[in-house]
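Please open the model in your viewer and keep the selection panel at hand. The stops below are given in the order in which they can be selected.

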Amino acid sequence: MSVSKTFYFILALSCIGIRTLAQHDQHAISGIIKGVTGEALPGAIIRVQALQKGDAADQKGAYNIDGLSSGTYQLQVTHIGYETNVRTIIISGSSLTENFVLIPSLFQLNEVEVSVDLYRSGPKEQSMTIQTVDRSFLEKSNSNTLVNALQKIPGINAINTGVGIAKPVIRGMSFNRVIVTNHSVKQEGQQWGADHGLEIDQYSPERVEIIKGPSSLLYGSDGLGGVINILPAPLPLSNTLSGSFLGAYKSNNNLYGTSTMLQGNKDGKLFRLRFSTQDFGDYQVPADSFTYNRFVLPIYDRALKNTAGKERNVTAMAGIAKEWGHITITVSNFHQKAGFFSGALGIPREYQLTSDGNSRNIDLPRQVTNHFKIVANTNINFNEGWLELDVGYQNNYRREESSPHAHGKGPRPEGTLALGLTLQTFSVNAKYHHQMNERLKSIYGFQAQYQKNERSGFEFLLSDFTSGTAGAFLYQEYTLNKNTTINGGIRFDHGFRNIERFVEPVYTDTTTISGYNERTGQVARQFSNLSGATGISFYPGSNFNAKLNLGTSFRMPTAPELSSNGIHHGTFRHEFGDSTLTTERGWQVDLNLTYHTKDFHASVTPFYNYFTQFIYLGPTSQFSTLPEGGQIYRYTQDDAIFAGGEASVEYHVVEELQLKTAMEYVWNYNLNSGLALPFTPPLSVLGEVEYSLPLGKSSFSDVFFGIFVQHFAAQNRVDRNEQTTPGYTLINFSSGFDLKIKNLPLELMFSIQNIANNKYLNHMSRYRLLNLPEQGRNFNVTMRLPFTWTDVN
């Protein structure tokens, strides 16, 4: 059966019999929402998360939600100036009365609803270290990519290639050790490559959740470093029509971006549409030259030639939400065309760097990426729990284009396709959440994935392959008493990697073949392993929370790690795999201590990880024999330690003035070589001051001004043959306000990045290998116009 036919078959299964499985008895939840002093909180919003039903409290704080079947639900109550309250309730044969008391807080993002709160038991009971940011945080960051916007969170970094391509790093781990989920399905798009970014529309996320630390138990083999869970906006409430328009401009590379969204809900029938664009030119740096291999090369007009690009992204969702649950189908397509700096492929030469007079053209060499995805998400409620079923199909097509050239004495190839990679991924995730009693909750889960990769082009890096994984797990949470919750689980996974042999002809002249050279041999490997974890959350009062997690996890080698052998031009190196690599095993401990009051919040999160047979791509002292091949990097295995932590403090001196400071540090050690591992982020310390201007009932509201300073220490702990990087400090400014024009709320934000226009090298940038400085001063303007109509009939 083909992948597409299998997808539609399982999608059909997910829709059959939903009404026969679900309950049809109808009940209601009602109650009063008050503050700690007993005052009613009119306008407080209460939602039933599984159904996207909700209500707003009236002048007496009263609410009522009807049309609910018997089952287990999570309620979320939010109100400006108060902590979010999350509560799990069970309806069994009759309606319920649930009253809420909200605690005042000046921190708006401390405890927003967390989708990875597996048991719907609230953020304190969950032992994992989870941080959540919303759309306003992402828009305030005004970054070039979604991943760059997350770098303000301690423990999060990015590997950059220019300004339009970035991939996430969590506590020094990246590539296939960090899982990114979007619409509850793992994003698959050649994430093993340092020059392969996230193929996700950066304007679409409504919230992003970051799980730091080992997550293999719940998410599979690739979750050693952590998980980034990208979430769209909640499903629209019944009988509403809403939307928004966003426009953005960045001065450094003359970027123009737009995003238009429209969504609605008519009696439980849902839809959402989004179309986003980005067009940008060559980006500017605060330097006139750079040094490579002791040669000083010019940067004409202080702009990196051929770093322009463009994006076109579209998303469409349709679904239904009823008393039994909901089902949605989301179809999206991400398309990006981005140039590579002209000196980034092969050895940089001065004639390549001469300006062509057009800062917006996308010439050779360049990268074209198209990511198509269709996902079906189903949630069905039962008396004692709920079922989640997520089915996805992804097609990732990546083209690296450059001028054709012959290798050796063979004929010159035709066309400009240097390397083409087509990756198809089919995935199924199923979880049943069982509320066994008031204290004990369980999750039974199954996940499976199948991939097929095909290559094309006149360059060779990776052979055709198929791979698959399947895993099942049991996870339980038990409430010991009113201030202690423990959890634990076990998981079994099995996977395979089948990689085809690849040979290429050896020419004595442009037409005569004298033999064949094997670039990759046939590889057929299977892997199986167990993983487990346990955790405890202690919350003696409303101000303090301690979380401790212990676990063992594993990761299977990927096809590139087992078999790659070729020039990876986007990262300026020749990469060699090793077909004898074995499964890596990790032993991890993670501690999270948090203390907060109405105007103060502090946390510290130390961690320690010990790995056996840790797989990494390390630099060697050799250079490729292939033309313009660059330095040779090899995948190898060694025992290693990762340790470090994050700390942060936030304080409202007065309600309008907020101070923040944070630090992050990753220390790793190769137990075999006695050196650090490559691509390790340096120590960084940040400070932020934000002032909100109280304007009463003026047309202006939510006015703020902020200064953000971040210092990155020098990175001198590097692997053998890896370059050290000097330290640097960046200063950014941000401001914004809301303006009402005839009842239309217009949101405006302005920011300046790298105010001092400092020249610096980023240790995590792929252009670091060429000693190229990062982007200079950048003025950013963002405008967003939301609108909503209620009671649409």
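Begin by selecting strand 32 together with strand 35 (residues 584-596), which pair in the antiparallel sense over 12 bridges; helices (H or I, at least four residues) and strands (E, at least two) are DSSP runs numbered from the N terminus, and two strands pair if DSSP finds at least two bridges between them. This is a predicted model, in which local features need pLDDT of at least 70 and side-chain atom pairs count only at pLDDT 80 or more, while totals for chains, interfaces and linings use all residues. Residues are numbered from 1 along each chain as its sequence is written, and side-chain values use heavy atoms, with hydrogens and water left out.

Within this pairing, threonine 552 stands opposite tryptophan 587 in strand 35. Now add strand 31 (residues 523-538), which runs antiparallel to strand 32 and is joined to it by seven bridges; the two form a hairpin with five residues between them. Here threonine 552 appears again, as the bridge partner of glycine 532. Is strand 32 largely enclosed or not, and how many of its residues are buried? Nine of the 12 residues of strand 32 (residues 544-555) are buried, so the strand is largely enclosed by the rest of the structure, where buried means under 20% relative accessible area, exposed over 50%, and partly exposed in between (1.4 Å probe, protein chains only).

Next, select glutamine 336, which lies in strand 22 (residues 325-339) and is buried, with a relative accessible area of 5%. The side chain of glutamine 336 is joined to that of glutamate 311 by a polar contact of 3.1 Å; such a contact is a pair of N or O atoms within 3.5 Å, and within protein one must be able to donate a hydrogen and the other to accept it, with residues adjacent in sequence counting only if both atoms are side-chain atoms. Leaving aside neighbours within four places in sequence, the residues in contact with glutamine 336 (heavy atoms within 4.5 Å) include Gly164, Ile165, Lys310, Gln367, Val368 and Thr369.

For the aromatic residues, rings of Phe, Tyr and Trp (its six-membered ring) pair if their centres lie within 6.5 Å, and planes under 30 degrees apart count as stacked, over 60 as edge-to-face and the rest as tilted. By this rule the count comes to 19 aromatic pairs. One of them to select is tyrosine 633 with phenylalanine 679, a stacked pair with 6.3 Å centre to centre and 10° between the planes. This pair links distant parts of the chain, 46 residues apart, with tyrosine 633 in strand 37 (residues 631-654) and phenylalanine 679 in the loop between strand 38 (657-670) and strand 39 (684-693). Tyrosine 633 is buried at 3% relative accessibility, and phenylalanine 679 is also buried, at 12%. Tryptophan 667 and tyrosine 669 form a stacked pair too, 5.7 Å centre to centre with 10° between the planes, but tryptophan 667 is partly exposed at 30%, as is tyrosine 669 at 28%.

Finally, colour the model by pLDDT, the predictor's confidence in each residue, from 0 to 100. The protein averages 86, and 91% of the residues score at least 70. Among its elements, strand 18 (residues 269-280) has the highest mean pLDDT (96) and helix 2 (residues 18-21) the lowest (45). Where pLDDT is low, the predicted coordinates should not be read in detail. Select residues 108-122 with that caution, since pLDDT stays under 50 there.
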